[in-house]
Amino acid sequence: MKDMKLSPCSNALNGILQVPGDKSISHRAVILGSLAKGTTKVTHFLTGEDCLRTINAFKLLGVDIEVDNTTLYIRSNGLSHFKEPIEPIYFGNSGTTARLMLGVLSGLPFFTASYGDASLTSRPMDRVIIPLQQMGTSINGRSNGSYLPLAINGGGLSGVQYTLPVKSAQVKSAILLAGLFAEGTTEVIEPTATRNHSENMLKAFGADISIEDTCISITNQPLTATDVFVPGDISSAAFFMVAAAIVPGSNLTLKNVGLNFTRTGIIDVLTEMGASISISNKQTISGEDFGDITISYKKLQGIVINGDIIPRLIDELPIIALLATQAEGETVIGDAEELRLKETDRIEAVVEGLTNLGAEVQPTKDGMMIEGNSVLVGGSVNSYNDHRIAMMHAIASLITQNEVVIDDVSSVAISYPNFFQDLTSVCS
Ligand code: S3P
């Protein structure tokens with residue numbers, strides 16, 4: 001246990017930060033770089049624990065991956081050289097590793113066993129297993145194959161037409177990855193758009209993928225190795241955007257942050273709340289937009305957040321809840337029942353934590369109601385081993401009257417290993 005006592009920040013936040021690489025894009029770079037024959041170089045890779053799990057999975061399958069600081073060299077001899085792993089694959093805390101790898105492992109013609117940590121073991125896997133079984137893979141596991149640990153006898157897949165019953169990019173991506181191994185065409189129909197990094201990167205690796213309205217289709221085909229640049233993670237930048245928005249006098253610039261439309265709901269929310277926020281130096285590489293975000297302190301207004309924007313900011317809702325405690329009036333978050341199925345039940349964890357600090361927050365079945373203009377007193381909070389909850393509490397401590405004690409902050413290494421160093425650097 002690594003508990004941490006954080007004192008309120010007596011300074012405004014100022015300066016320029018480069019946040020670490022995007023977690024979703026980093027996972028996909030390892031996956032597609034491993035499936036493609038040849039050498040793939042990945043720059044500004046996120047060396048957080050979750051992405052290291054994906055690297056480890058492919059190492060066990062026989063792919064040569066060298067990690068040099070934030071640069072990766074993936075040297076793959078192609079699918080025909082993948083080997084049956086002699087040990088179970090450990091996915092740790094990483095839902096993205098688990099769900100996307102289940103898509104890949106279903107296509108490989110051999111046996112694999114896989115497991116995760118306590119949090120991942122309690123998260124639903126049937127959302128990917130049901131479509132993968134329809135494609136013909138044999139998956140067995142706990143609770144009739146709904147949860148890890150799982151055993152897969154892969155190979156022999158056929159294409160499927162599948163309408164996503166949940167708004168999940170992980171499920172969409174697992175099916176598309178399995179589609180690369182399947183006989184015939186695989187079609188995924190997505191009623192609400194979710195992050196499209198898999199589609200963008202598949203195109204960058206030369207895949208013939210068709211995207212028409214809500215229907216994405218792919219066929220069995222080889223990929224071509226290419227170089228990948230990973231923009232900064234907007235989900236990590238969000239902690240500093242909110243910090244600058246709530247600490248009087250602050251002004252921060254966050255460099256090279258991913259601005260893919262399927263991820264920028266946090267910018268729309270800040271704008272609707274009245275924030276002083278601007279974007280400059282916008283560029284696009286391999287279909288991924290990125291640029292610099294500058295944000296400064298301003299008193300904001302509470303709003304309603306629900307509907308199709310939710311998948312565009314699902315991971316930012318804990319830090320948005322903190323932001324809402326400082327706005328004028330009430331903020332209502334709805335249609336976000338998926339929050340209950342993240343690394344922890346993020347509705348309960350946010351409500352409990354912010355309430356302990358002095359805010360007025362009520363849980364609802366699919367979100368929460370947050371009173372604005374709260375004076376945050378401080379106190380003891382639990383991160384539930386969830387990186388985004390731990391970082392939300394750390395940002396809250398900037399504006400509390402007294403110290404905040406977070407039970408365990410080791411989980412920040414999942415997505416933002418240098419979070420506390422970066423926080424100190426803009427706070428002093
Ligand atoms: C992710 C998709 C989202 C997100 C997660 C990363 C991805 O999960 O919450 O942090 O990389 O595809 P869901 O697919 O469960 O919505």
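Four strands form an open sheet of mixed pairing in the order β2-β15-β17-β16, where strands are DSSP runs of E of at least two residues and helices are DSSP runs of H or I of at least four, numbered from the N terminus. Two strands count as paired if DSSP finds at least two bridges between them. This is a predicted model, in which local features need pLDDT of at least 70 and side-chain atom pairs count only at pLDDT 80 or more, while totals for chains, interfaces and linings use all residues. Residues are numbered from 1 along each chain as its sequence is written, and side-chain values use heavy atoms, with hydrogens and water left out. An unreviewed UniProt entry places the feature "domain: Enolpyruvate transferase" at residues 11-423; such positions are given in the numbering used here, feature names are shortened, and annotations may be inferred rather than shown by experiment. Over residues 11-423 the chain is 32% helix and 25% strand, with the end C-alpha atoms 12 Å apart.

**The mixed open sheet**

- The edges of the sheet β2-β15-β17-β16 are held by β2 (14-17) and β16 (276-285); each has a single partner strand, so one side of each lacks a neighbour in the sheet.
- On average, neighbouring strands of this sheet are turned by 10° against each other, direction ignored; axes are lines fitted to C-alpha atoms, for helices over the stretch in contact, and angles run from 0 to 180 degrees between N-to-C directions.
- The pairing of β2 with strand β15 (residues 251-258) is parallel and extends over 4 bridges, and Gly-15 stands opposite Leu-252 in β15.
- Helix α10 (residues 265-272) lies across β16 and β17 (288-296), and runs at about 155° to β16.

**The strands β19, β20 and β21**

- Strands of a sheet pair through backbone hydrogen bonds, either parallel or antiparallel.
- β19 and strand β21 (residues 367-370) run antiparallel and are joined by 3 bridges, with Val-332 opposite Met-369 in β21.
- Strand β20 (residues 361-364) is also antiparallel to β21, through 4 bridges, and Pro-363 stands opposite Met-368 in β21.
- β20 is joined to β21 by a hairpin through 2 residues.

**Helix α2 and its surroundings**

- Helix α2 (residues 49-60) has 12 residues and reaches 17 Å from its first C-alpha to its last, close to the 16 Å expected at 1.5 Å a residue; the expected span is 1.5 Å times one less than the number of residues.
- Buried (under 20% relative accessible area, as against exposed at over 50% and partly exposed in between, with a 1.4 Å probe and protein chains only) describes Asp-50, Cys-51, Thr-54, Ile-55, Ala-57, Phe-58 and Leu-60 of α2.
- These buried residues pack against α1 (23-35), β4 (64-68), β5 (71-76), β6 (89-90) and α3 (95-107).
- Gly-62, just after α2, takes a positive phi of about 105°.

**Salt bridges**

- A salt bridge is a side-chain nitrogen of Lys or Arg within 4 Å of a carboxyl oxygen of Asp or Glu, and the count by this rule is 18.
- Asp-64 and Arg-75 form one such pair, at 3.4 Å from N to O. Asp-64 lies in strand β4 and Arg-75 in strand β5, so this salt bridge ties together parts that are 11 residues apart in sequence.
- Asp-64 is partly exposed at 39% relative accessibility, and Arg-75 is partly exposed at 32%.
- Glu-343 and Arg-123 form a salt bridge whose closest N and O atoms are 3.9 Å apart. This pair links distant parts of the chain, 220 residues apart: Glu-343 is in the loop between β19 (331-333) and α12 (346-357), and Arg-123 in the loop between α4 (118-121) and α5 (126-134).
- Glu-343 is buried at 12% relative accessibility, and Arg-123 is buried at 5%.
- A network of salt bridges links Arg-123, Arg-195, Asp-315, Glu-343, Arg-346, Asp-386 and Arg-388.
- Glu-348 and Arg-340 meet in a salt bridge of 3.1 Å, N to O; Glu-348 is partly exposed at 38%, and Arg-340 is partly exposed at 27%.

**The loop residue Thr-192**

- Thr-192 is found in the loop between β11 (185-189) and α8 (197-204), and counts as buried at 14% relative accessibility.
- Leaving aside neighbours within four places in sequence, Thr-192 is in contact with Lys-167, Asp-308 and Pro-311, contact meaning heavy atoms within 4.5 Å.
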